[in-house]
Every structure is written in structure tokens, then in C-alpha cells.
Amino acid sequence: MSEYKPLPVGVDNFEKLITDGYYFVDKTLLIKELLDKKGEVNLFTRPRRFGKTLNISMLQYFFEDARENDGRKRDNRSLFEGLRIMEEGEKYLSKFGKYPVISLSLKSAKQPNFEEAYMALRTEIAGEFKRHSFIAEHECLFPDEKELFLKLMLQKGEKAEYNQSLKFLSSCMKKYYGKKAMILIDEYDVPLENSFFRGFYEEMADFLRSLFESALKTNSSLEFAVLTGCLRISKESIFTGMNNLKIISILSDKYDEHFGFTEAEVRKICEDYGMNSKIPIFEEWYDGYLFGNKNVYNPWSVIQFADDLQENEERFPYSYWANTSSNSIVRSLIERADDEIKSEIEALIEGKSVVKPIHEDITYDEVYKSMDNLWNFMFFTGYFRKVREWMDERTKQHFVELAIPNQEIKYIFRMKILTWFDEKLKEKDRSELFTALVNQDVEKLEDEIVDLLMETISFNDAYESFYHGFLASILSGMKGYIIKSNREGGKGRSDLFVKPVTRRKAAFVIEFKVAKRFEELEAKAGEALRQIEEKRYADELHGDGYQEVIRYGIAFFGKDCVVRA
């Protein structure tokens, strides 16, 4: 392993990545495109863990007129030696280290109430004043400006003063440096998402609206700004009247390869680390996103898997992205799912697609006002890929065909959905199901199972394992009974044993089959019963002291079933 550079698992500071010798996928041409397109305020929306924070850090180290604590210049040029931007000529290199920079990350504002979240943001803002504390000592500032600078730096300012703090800091920078400031804001929408789920959205939106508008809309000391986030928030919500805002979402053709890894970049990683044989696995699990017209891989998961393969070349792929948040938005989709939406989720997991109207200007407080908004939210935050998009000429409505991008996201849907539906099923009253099973009331048992099947999601590409887990789940919780799954018995493996704690009651052997057509249900149920007899699945129960053993054969087709005893 010593011959390879360490992979930057979780490293999102550009200076640390370069100086500590980590492997770097060169995205420095983002700098060139920003300078070429000359947007004054640029908002990049990409799913979480797609390189937004590292890119913001890279921009800071390239553009910033960096200073030590005492105001002496610091040269960061060595960080960019050998990188692609350095080959683009003087037009771009002349911008290196030329601007004062305000750089904020709002990703830590995840507190349970507005007061604590506001304090976290105030601390982050004060940190930028401290980073430029040498300005307060310079004669370029008037006494009242020095006083306000120190108040904000020491977190003693009023809320109204923090509302205007970025505009004020940039004006102080302009006086000191003689140049307008760049403003970089990473994960601008984290406080909004958190405040929505925590119940103080309006307060947080009011604060951020004042902060952003003063800094980005009416600021004569602003050179240009870059913001990143997961979701494009409507201009009416946060960026009121900002005609200078350029929004670059995953539907935009611009900047399409600067966030996420391209196929060529993933192949280069595999080549550099001697894992070319694993390319198909990387593609199956972590590829499939479409930003603009560029196909990209999830960079977070690619780096994690490549790092794990360095330790063990036989390592199985894993859904790394699933653990980077609560995936609460998927659960929200499930909790609101009617029969039509359940059918659509089943189709997506089978590899099919669904068509939804798309609109980018939504706010967090609108996410749950319609199912279309929820689908939109999930699309823009990385749970679906665009297959194609078009506009209805008659209605002028914008539509996108959506699909699950890869095995990693499919895993999130399958595992999370199975878990959450399992929880929902266990909350339902299953006493009539249990009674029907004990009394051999096959018609009632069929009805109860079908009713529960209608409540869940079935995965047609894994019916055997789905029905097995479904039966084990709905039968769990029978008072006085133990559920055993896939136990060895007789000449083979029965699907389920239901064993009473007392041997005075009957025990149950359950075998199931999956029919390919509805008309096969009766025959398949009978086949399941014959298998129990032929392979003597009941012998283990008799040997364990149970005098009476009831055999059940159950056949499934979609959300229909036939039960025979």
C-alpha cells in the first residue's frame, strides 16, 4: 500500500488534501469556467457528498489574497502546481491570490431551535471577522467601523447588525485591500432544511433573507459570489429580487463535470490503484447520475469503496451514501404513499421509470404540500436520475422521466422501505390473522394476508426473499409462539416454523411458492403442501415433542395469495 497515495476519505479542505499528499481528482477547471461565464452570484445545487465543500475550499485557496494573522501576505501558489488551471494562461493566472475572500460554511446549523441555530451561524460569521482581525487595526477604518468590527468578531453585536454583517465585512475588506470581495457560502440551505423539520422555518428564512440580500444584492463591495446547496430555493423565499443570481442545478448544461466523478476519472482511479477488474462494480453501484448532459459517479462512494478495496480486494460494494444522512425524505415518501405511489415505487425498484412534472423553484415549507413537490425534492437531492426531459407544448409544463440511478440508491429504497413498512405492519392489529392461522380458517387467513400485502411494497426482482421476509414479519408478535425461519428439518429447509411455547398446542409448518401467473395460485399452493410432506419438514417438530403439526401451503402472485392447510 505504501506505493499509493492515500485516498481522501472525508477530506474536504483543499490545502490539507494537497499538502498531506492525498489523491486528488483535478477539478480546477471550475475556476476557468467561473471566470469565463462571469456570473456575479452563482448558486450550484448538487446532492450531498458530491464535492461541493472541496470545490468551495479550492476556490478560496486560488482566489484569496491570503494573509497571516498580522496581515503579511501568504503565497498559496504551490498548492496548484501541476494542476490543470495552471496551464490555462495568464488570463486566469492573473486572478490568482488577488481578492479578499469571505468563506462561510452553514452546514453546522443543525440545532433544535432558532436561538441555538442562530448562535451557530453567528459563531461562523464571527470566525471570518477573526480571520481578518488585522483589518480592525488598520487606519483605513473609521472609529465606529472598528467598534462594530470588534463587536461582530466577539459575538456581541445585535441581530440586526449580524443581518448586515457580510456586507459590512466586505466593505471593510474593500477599504483595506483596495479590491472588491469574493463571498463563498457552502451548504447555504442546511439551516433552512433543519429549521423546517424542527419547526422554526420562518425565523431562519427571515434571517438568511436579510443576510443574503444585503451581501449579494445591494453590495457595491462584491466582486462575485459562489453558493452551494442541495436544493434550489425559490427567489421569492430567500433571494427576493436578486436579478444577478445564476442558478446551476443538475438540469443545467453548464459546469456539468465539476461536481462528481466522470467515467474517465473513475477509470483513472482504478488504473492508478490497480483495480481495473473492479470497474464494472463501480459502474453498477455508483454511476448513473446525469448532471446536464454529463454522466457522473457519486464521488463520496467511489472514494470510500476504492479505499476499502485497498484493504481487502475482495470487499463487497456497500451503500456508503445511505449513511450520510437520515434519509428522512425517503421515509416521508413512504408515509404518504397511496396505492398509485406504491405501484410507482415498485416499478422504480424493478428498474423501470416514472414521469413527473418538474419545477425547481420550491421551498422547504412546500415540500410536503404535494406529492409532486416530494418527487422533485428527491430528484434534486440525488435519489433519482434524469432519463429524459421535455416540455408539453400545449400546457408549457416541464416533465422529467425519473429512474433509480444505481444499486446504491436501490439498496436505500429496498432496505429502508422494507424496514419502515415492517414497522407499519407491526403497528396494525393482526389478532384476526393469528386467530385464523390457529383455527385453520384459510379463507380468513387469505383475506388478512392480502390486506397486509396491500399496505406494503413488493419487489418483483426479489419475490422469494420479499415474501419470506413479509411472512416472518406479519407472524412475529404472536403471543405464546416462536417464529423460526429457514430451519433445517427432514430432508430440506422449510420456509417457516410457528412453534407454541407449550407443546399442548399445535405447531405450524409454512411453505410458500411464487406463481408466475394468477391462474397458477391453486396449483402452487398444493405444490407447497406436497413439498412439506415429501421432504418431511414436520419431523423436527414431532421430534421436539409437538403432537399436532398443521401444514400450510401458501402461493403468491403480486398482491394476491391462496392458502391451503
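## Arg517 and the C-terminal salt bridges

Arg517 has a relative accessibility of 47% and therefore counts as partly exposed. In this predicted model, the Arg517 side chain forms a salt bridge with that of Glu520, with an N to O distance of 3.5 Å. Glu520 is also partly exposed, at a relative accessible area of 21%; the limit for buried is under 20%.

Arg564 and Glu522 form another salt bridge, at 2.4 Å from N to O. This pair links distant parts of the chain, 42 residues apart: Arg564 belongs to strand β18 (residues 560–564) and Glu522 to helix α21 (residues 521–534). Arg564 is partly exposed with a relative accessible area of 27%, and Glu522 is partly exposed at 44%.

## Other salt bridges

The count of salt bridges comes to 36. One of them joins Glu64 and Arg131, whose closest N and O atoms are 2.9 Å apart. Glu64 sits in the loop between α3 (52–63) and α4 (90–93), and Arg131 in helix α5 (residues 114–131), so this salt bridge ties together parts that are 67 residues apart in sequence. Glu64 counts as buried, with 6% relative accessibility, whereas Arg131 is partly exposed at 28%.

Salt bridges also link Lys32, Asp36 and Lys91 into a network.

## Surface patches

A patch of negative charge on the surface is formed by Asp441, Glu443, Asp447 and Asp451. Asp441 is located in the loop between α18 (431–439) and α19 (442–455). The relative accessible area of Asp441 is 37%, so this residue is partly exposed.

Tyr411, Met415 and Leu418 make a nonpolar surface patch of about 240 Å². Met415 is part of helix α17 (residues 407–427). With 39% relative accessibility, Met415 counts as partly exposed.

## Overall architecture

The protein contains 22 helices and 18 strands. Along the principal axes, its C-alpha atoms fill a box of roughly 95 × 55 × 50 Å. Among contacts with a separation of 6 or more, 71% are between residues 24 or more positions apart.

Of the 565 residues, 55% count as buried. The accessible surface comes to about 24,900 Å², and carbon and sulfur atoms account for 46% of that area. The protein has 83 positive and 98 negative charges, and the mean positions of the two sets are 1 Å apart.

Definitions and conventions. Residues are numbered from 1 along each chain as its sequence is written. This is a predicted model: local features need pLDDT of at least 70, side-chain atom pairs count only at pLDDT 80 or more; totals for chains, interfaces and linings use all residues. Side-chain values use heavy atoms; hydrogens and water are left out. Patches are made of residues with over 30% relative accessible area and no salt bridge: like charges are joined within 9 Å, nonpolar side chains (Val, Leu, Ile, Met, Phe, Trp, Tyr) within 5 Å. Accessible areas come from the Shrake-Rupley method with a 1.4 Å probe; for residues, only the protein chains shown count as cover. A salt bridge is a side-chain nitrogen of Lys or Arg within 4 Å of a carboxyl oxygen of Asp or Glu. Lys and Arg count as positive and Asp and Glu as negative; His and the chain ends are not counted. The place of a charge is taken as NZ of Lys, CZ of Arg, CG of Asp or CD of Glu. Helices (H or I, at least four residues) and strands (E, at least two) are DSSP runs, numbered from the N terminus. Buried means under 20% relative accessible area, exposed over 50%, partly exposed in between (1.4 Å probe, protein chains only). Contact means heavy atoms within 4.5 Å.
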